[in-house]
Amino acid sequence: MSLPPASRTAADEADDYLARRRLRRGSAGWLLLTGLGVAYVVSGDYSGWNFGLAEGGFGGLAIAMVLMGAMYACMVLALAELSSILPTAGGGYGFARRALGPWGGFLTGTAILIEYVLAPAAISVFIGDYVESLGLFGLESGWPVYLACFVVFIGIHLWGVGEALRFSFVVTGIAVAGLVVFALGALPEFDASSLDDVPVDSSALGASSWLPMGLLGIWAAFPFGMWFFLGVEGVPLAAEETREPARTLPRAIRWSMGILVVLAVVTFVAAAGARGSAAVQDAGNPLVEALQPDGGATVPSRIVNYAGLAGLVASFFSLIYAGSRQLFALSRAGYLPRFLSLTSRRRAPYLGLLVPGAVGFALAAGTGDGARMLNVAVFGATISYALMSLSHIVLRRREPELPRPYRTPGGVLTSSVALVLACAALVATFLVDVTAAFIALAVYGVAVAYFGLHSRRHLVAKAPEEEFAALAAAEAELARDRGGER
């Protein structure tokens with residue numbers, strides 16, 4: 001029985017507020033979460049990375065991939081520790097909120113949100129291109145295909161998180177199987193002399209056949225080296241829907257990263273070696289291009305073509321999930337309008353799914369520029385990587401006694417490597433697409449103005465991430481008081 005209005009307390013109202021903003025707990029184990037981590041990224045193995053060959057050649061992109069792989073490996077190990085400390089839907093926002101305060105939490109959460117709203121919009125365009133190239137149902141790439149993507153896949157998410165993660169796992173399995181087929185078809189044709197066939201720019205500093213654009217080409221290839229791993233950091237966003245999150249999340253994060261490293265190396269080397277770096281550097285579908293040296297379709301190339309579409313669907317689907325959970329957490333805590341965190345009877349954040357979906361569809365239909373939108377997403381991602389890595393360093397230094405069910409190997413050295421490389425990747429985005437970088441900065445500026453002028457005064461103290469930060473503040477104040485008494 002509900003209490004009469006006169007006898008209701010602030011605590012009662014806070015409980016009601018959170019009761020209307022609950023996710024379905026215990027829906028995922030480590031295997032589904034590992035599949036989610038791979039799903040975020042797998043489309044990047046099928047296309048996009050190859051444009052880095054035009055920026056740095058095989059050697060430049062190879063070095064960029066190794067450095068960006070090191071950044072992601074170091075960062076996800078830090079995130080594994082942070083997610084075991086604070087297993088909530090806030091993910092990076094929650095970590096930064098504890099370490100860097102409300103401003104740090106908001107800046108991190110907003111950067112993540114930029115990534116997870118823009119990336120699905122870009123991928124819907126790529127799905128349209130695939131549908132047209134495959135001749136599916138006679139459809140052409142355009143707004144009807146983009147709309148179908150958002151309607152169908154958001155509908156599955158609204159059905160329930162367990163059903164959504166199982167669907168994602170199956171589609172991701174198809175995409176990974178396609179990469180195995182590609183490797184089996186391409187590696188027998190491997191020719192090491194084809195790797196460094198990109199024309200050399202003799203005026204570039206340090207130019208050679210392996211570094212045709214010189215040393216600067218390595219840096220310019222950073223954003224494309226990221227495409228082999230972009231999105232894996234989203235695994236902690238499933239924390240509130242996970243069984244035993246303090247144990248499950250670190251395990252899933254590590255397994256996801258290990259699988260992605262293997263897929264990245266095999267895909268990159270096989271594609272460039274089978275057909276030549278110059279032949280695939282501008283291809284919209286580089287793996288298919290690598291399997292068709294004479295331009296004619298083969299059985300492996302057809303399989304890879306359809307599996308590539310599955311990869312795009314897997315990444316689109318999982319990124320929709322990640323964006324909705326980050327928006328849910330920021331809204332629940334009052335950083336964004338609170339109505340966006342309301343959940344349905346099936347415990348799905350329906351407005352957190354529908355609103356970003358509507359924005360993503362509008363961007364895809366209005367611009368049709370998938371590459372530009374993905375570059376904006378990369379810019380937001382690099383900001384969040386730097387802030388999340390910094391959060392790990394700050395919490396290790398400031399709260400060394402904080403219970404940590406999982407501890408990052410190497411400690412602050414590991415997260416410091418991630419921080420330095422994330423800052424380098426952020427600057428590299430200006431080398432590749434300065435327009436995209438300034439678009440992201442403009443969106444960021446509007447969000448910062450909203451927080452500074454309005455929402456920072458209306459935060460919800462009972463939200464899990466805010467309570468966690470408030471507890472830290474109370475403990476610090478108590479420690480100061482005890483020190484003063486002495």
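Begin by selecting S315 and S43: their side chains are joined by a polar contact of 2.9 Å. The model on display is a predicted one. Keep S315 selected and add A39, whose backbone oxygen lies 2.8 Å from a polar atom of the S315 side chain. S315 belongs to helix α13, which spans residues 299–332. With a relative accessible area of 0%, S315 is buried. To display its surroundings, select A39, Y40, V41, V42, S43 and I123, the residues in contact with S315 once neighbours within four places in sequence are set aside.

Next, turn to the charged pairs. The model contains 10 salt bridges. Select D433 and R372, whose side chains form one of them, at 2.7 Å from N to O. This pair links distant parts of the chain, 61 residues apart: D433 sits in the loop between α16 (412–432) and α17 (434–453), and R372 sits in helix α15 (residues 370–398). D433 counts as buried because its relative accessibility is 10%, whereas R372, at 29%, counts as partly exposed. Then select E81, R396 and R404, which are joined into one network by salt bridges that share partners.

Move on to E289 and R275, another salt bridge, in which the closest N and O atoms are 2.8 Å apart. E289 lies in helix α12 (residues 286–291) and R275 in helix α10 (residues 245–275), so this pair ties together parts 14 residues apart in sequence. E289 is partly exposed, with a relative accessible area of 29%; R275 is also partly exposed, at 25%. For a further pair, select R247 and E244, whose side chains meet in a salt bridge of 3.2 Å, N to O. Both of these residues are exposed.

Now select the cysteines C74 and C423. How many disulfides does the model contain? The count is 0. C74 is in no disulfide, and the nearest cysteine sulfur, that of C423, is 14 Å away. Likewise, C423 takes part in no disulfide, the nearest cysteine sulfur being that of C74, 14 Å away. Is C74 buried or exposed? At 15% relative accessibility, C74 counts as buried, while C423, at 36%, counts as partly exposed.

Finish at the surface by selecting W143, L147, V151 and V152, which make a nonpolar patch of about 390 Å². Within this selection, L147 is found in helix α6, covering residues 143–159. L147 has a relative accessibility of 32% and therefore counts as partly exposed.

Key:
Residues are numbered from 1 along each chain as its sequence is written. This is a predicted model: local features need pLDDT of at least 70, side-chain atom pairs count only at pLDDT 80 or more; totals for chains, interfaces and linings use all residues. Side-chain values use heavy atoms; hydrogens and water are left out. Patches are made of residues with over 30% relative accessible area and no salt bridge: like charges are joined within 9 Å, nonpolar side chains (Val, Leu, Ile, Met, Phe, Trp, Tyr) within 5 Å. Accessible areas come from the Shrake-Rupley method with a 1.4 Å probe; for residues, only the protein chains shown count as cover. A salt bridge is a side-chain nitrogen of Lys or Arg within 4 Å of a carboxyl oxygen of Asp or Glu. Helices (H or I, at least four residues) and strands (E, at least two) are DSSP runs, numbered from the N terminus. Buried means under 20% relative accessible area, exposed over 50%, partly exposed in between (1.4 Å probe, protein chains only). A polar contact is a pair of N or O atoms within 3.5 Å; within protein, one must be able to donate a hydrogen and the other to accept it, and residues adjacent in sequence count only if both atoms are side-chain atoms. Contact means heavy atoms within 4.5 Å. A disulfide is a pair of cysteine sulfur atoms within 2.5 Å.
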